[in-house]
Amino acid sequence: MLPAPSYPWGLAGRVHVVATHPDARRRGYARAVVRVLLDELRTEHVTLFELHASQEAAPLYRDFGFADSPALMRMTHLEEPDGRLR
């Protein structure tokens, strides 16, 4: 990634999934793991953080300072086994 004002070193972090077993939820494990991850990435000068959050998990990430972004876009490109697009 090229540097920009919000990420002057050109470094970004992307969290794909944070999952907690249903029996272990509501004990602070996800919060603790995300806190350590963000702290570690900051020591590496990462200033841009992206993640995909479920509605259930969104309040946790908002507590860390994440905000909804209309700029985030997603595309899935699937091919049939014979190489044709679906």
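Student: Leaving aside neighbours within four places in sequence, which residues is Tyr7 in contact with?
Tutor: This is a predicted model. Tyr7 lies in the segment before β1. With its neighbours within four places in sequence left aside, the contacts of Tyr7 are Met1, Leu2, Thr47 and Leu48.

Student: Is Tyr7 buried or exposed?
Tutor: Buried means under 20% relative accessible area. Tyr7 has a relative accessible area of 18%, so Tyr7 is buried.

Student: What separates the C-alpha atoms of Tyr7 and Leu48?
Tutor: Leu48 is among the contacts of Tyr7. Along the chain the two are 41 residues apart. Their C-alpha atoms are separated by 5.7 Å.

Student: Which residues form the covered face of strand β1?
Tutor: β1 spans residues 12-15. Its uncovered face holds Ala12 and Arg14. The covered face holds Gly13 and Val15.

Student: Which residue in β2 stands opposite Gly13?
Tutor: β2 covers residues 48-51. β1 and β2 pair in the parallel sense over four bridges. Opposite Gly13, in β2, stands Phe49.

Student: Is the β-α-β unit of β1, α1 and β2 right-handed or left-handed?
Tutor: Helix α1, residues 29-43, joins β1 and β2 in this unit. The unit is right-handed.

Student: How many Å does α1 reach from its first C-alpha to its last?
Tutor: α1 has 15 residues. At 1.5 Å a residue, 21 Å is expected. The reach is close to that, at 22 Å.

Student: Why are the buried residues of α1 on the same side?
Tutor: The buried residues of α1 are Ala30, Val34 and Leu38. They lie on the same side of α1 because they cover an arc around the axis of only 60 degrees. An α-helix has 3.6 residues a turn, so residues three or four places apart point the same way. For the buried residues of α1, the arc is only 60 degrees.

Student: Which elements are included in what covers the buried residues of α1?
Tutor: The residues to be covered are Ala30, Val34 and Leu38. The face turned away from them carries the exposed residues Val33, Val36 and Thr43. The cover on the buried side includes β2 and α2 (58-63).

Student: What is phi of His45 near?
Tutor: His45 follows α1 and lies in the loop between α1 and β2. Most residues other than glycine have a negative phi. His45 has a positive phi, near 70 degrees.

Student: Is Arg26 buried or exposed?
Tutor: Arg26 sits in the loop between β1 and α1. Its phi is positive too, near 70 degrees. Exposed means over 50% relative accessible area. Arg26 has 85%, so Arg26 is exposed.

Student: What separates the C-alpha atoms of His52 and Arg26?
Tutor: His52 lies in the loop between β2 and α2. At 38% relative accessibility, His52 is partly exposed. Along the chain, His52 and Arg26 are 26 residues apart. Their C-alpha atoms are separated by 20 Å.

Student: A search of the whole structure finds how many aromatic pairs, and what is the geometry?
Tutor: The search finds one aromatic pair. The ring centres of Tyr61 and Phe66 are 6.1 Å apart. Both residues are buried. Their planes stand at 85 degrees, so the pair is edge-to-face.

Note on methods
Residues numbered from 1 in each chain as written. Predicted model: local features only at pLDDT ≥ 70, side-chain atom pairs only at ≥ 80, totals over all residues. Heavy atoms only, no water. Phe/Tyr/Trp six-rings, centres within 6.5 Å; stacked < 30°, edge-to-face > 60°. Buried < 20%, exposed > 50% of the residue type's maximum accessible area, 1.4 Å probe, protein only. Helix = DSSP H or I, 4+ residues; strand = E, 2+ residues; numbered from the N terminus. Pairing = 2+ DSSP bridges. Right-handed = clockwise from strand over helix to strand, strands pointing away. Expected span 1.5 Å × (residues − 1). Arc of directions from axis to C-beta. Contact = heavy atoms within 4.5 Å.
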